[in-house]
Amino acid sequence: MKKKIVALVSMIFLMFIVPFTVSAMEYQHELKTKKMVFAWTIEGEQIHVKVSAGTTGWVGIGFGPEKAMQGANIIIGYFSEKKGAKVEDHYGDRKTGHKSDVKMGGTNDIVNPSAVEKDGVTTITFSFPLKSADKWDKPISTAGMTRIMLAHGKGKDSLKTRHPYRTVWDVDLSSGESKKIK
């Protein structure tokens with residue numbers, strides 16, 4: 001009887017506990033803003049990212065914006081009970097807007113995208129190449145400061161809603177050093 005209980009407990013442990021510990025990533029760096037969290041790890045030629053905000057709408061991050069959103073590599077996503085996870089690779093095609101790389105003739109270069117919504121917090125996680133072959137993706141530099149923007153939508157599962165929160169930072173992706181711009 002004891003052997004059966006031990007075997008059952010071991011099986012439950014392997015089925016439920018191990019997958020969570022294997023899939024959970026420990027991020028090397030974290031930036032906490034007033035309303036969002038950006039965590040990341042540089043590994044080889046990829047950046048692994050987690051972005052969270054207190055919203056039931058979308059969350060997003062942009063790397064290398066030039067003028068407001070223009071010129072930025074933008075990763076944006078949400079979770080919907082009806083539609084599931086949606087995480088997309090966009091480009092800041094104008095000062096106040098962005099489009100999907102795919103819709104502009106490029107490629108979606110996001111690796112392992114996921115989105116969850118729990119207790120009013122939306123989190124997206126993904127990996128992204130530091131240098132993709134897509135013409136709409138700028139190289140992400142790990143030397144010196146990289147300008148990033150963080151934003152989130154308000155309570156609607158749509159990538160087209162305007163953001164009530166946006167902030168811009170210069171971040172050294174290798175060291176974690178950061179400086180708020182706006």
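In this predicted model, Asp93 and Arg94 bring their side chains together in a salt bridge, with 2.6 Å from N to O. Neither end is fully tucked away or fully out in the open: Asp93 is partly exposed at 25% relative accessibility, and Arg94 is likewise partly exposed, at 39%. The pair doesn't stand alone, since salt bridges with shared partners tie Asp93, Arg94 and Lys99 into one network.

Across the whole structure, the search turns up 6 salt bridges. One of them links Glu88 to Lys86, where the closest N and O atoms lie 3.5 Å apart. Glu88 has a relative accessibility of 21%, so it counts as partly exposed, given that buried means under 20%. Lys86 is partly exposed too, with a relative accessible area of 34%.

Another salt bridge sits in strand 1, and it fits in nicely with how that strand presents its side chains. Strand 1 covers residues 29-32; His29 and Leu31 make up its covered face, while Glu30 and Lys32 are on the uncovered one. In general, side chains of a regular strand alternate between the two faces of the sheet. It is the uncovered pair that joins up here: Lys32 forms a salt bridge with Glu30, the closest N and O atoms being 3.7 Å apart. Lys32 is exposed, with a relative accessible area of 59%, whereas Glu30 is partly exposed at 46%.

Strand 1 also takes part in a hairpin with strand 2, with 3 residues between the two strands. The pairing with strand 2 (residues 36-43) is antiparallel and runs over 4 bridges; within it, His29 has Trp40 as its bridge partner. So His29 belongs to the covered face of strand 1 and is matched with Trp40 across the hairpin.

Zooming out, 5 strands make an open sheet in the order 1-2-3-9-8, with antiparallel pairing. Strand 1 and strand 8 (111-118) are at the edges; each has a single partner strand, so one side of each lacks a neighbour in the sheet. From one strand to the next, the twist averages 10°. Further into the order, strand 3 (residues 46-53) pairs with strand 9 (residues 121-129) in the antiparallel sense over 8 bridges, and Lys50 stands opposite Thr125 of strand 9.

As for confidence, the protein averages a pLDDT of 85, and 85% of the residues score at least 70. Residues 3-23 are another matter: their pLDDT is below 50, and beyond near neighbours in sequence this stretch has 3 contacts in the model. Where pLDDT is low, predicted coordinates shouldn't be read in detail.

Note on methods. Residues are numbered from 1 along each chain as its sequence is written. This is a predicted model: local features need pLDDT of at least 70, side-chain atom pairs count only at pLDDT 80 or more; totals for chains, interfaces and linings use all residues. Side-chain values use heavy atoms; hydrogens and water are left out. Buried means under 20% relative accessible area, exposed over 50%, partly exposed in between (1.4 Å probe, protein chains only). Two strands pair if DSSP finds at least two bridges between them. Axes are lines fitted to C-alpha atoms, for helices over the stretch in contact, and angles run from 0 to 180 degrees between N-to-C directions. pLDDT is the predictor's confidence in each residue, from 0 to 100. Contact means heavy atoms within 4.5 Å. A salt bridge is a side-chain nitrogen of Lys or Arg within 4 Å of a carboxyl oxygen of Asp or Glu.
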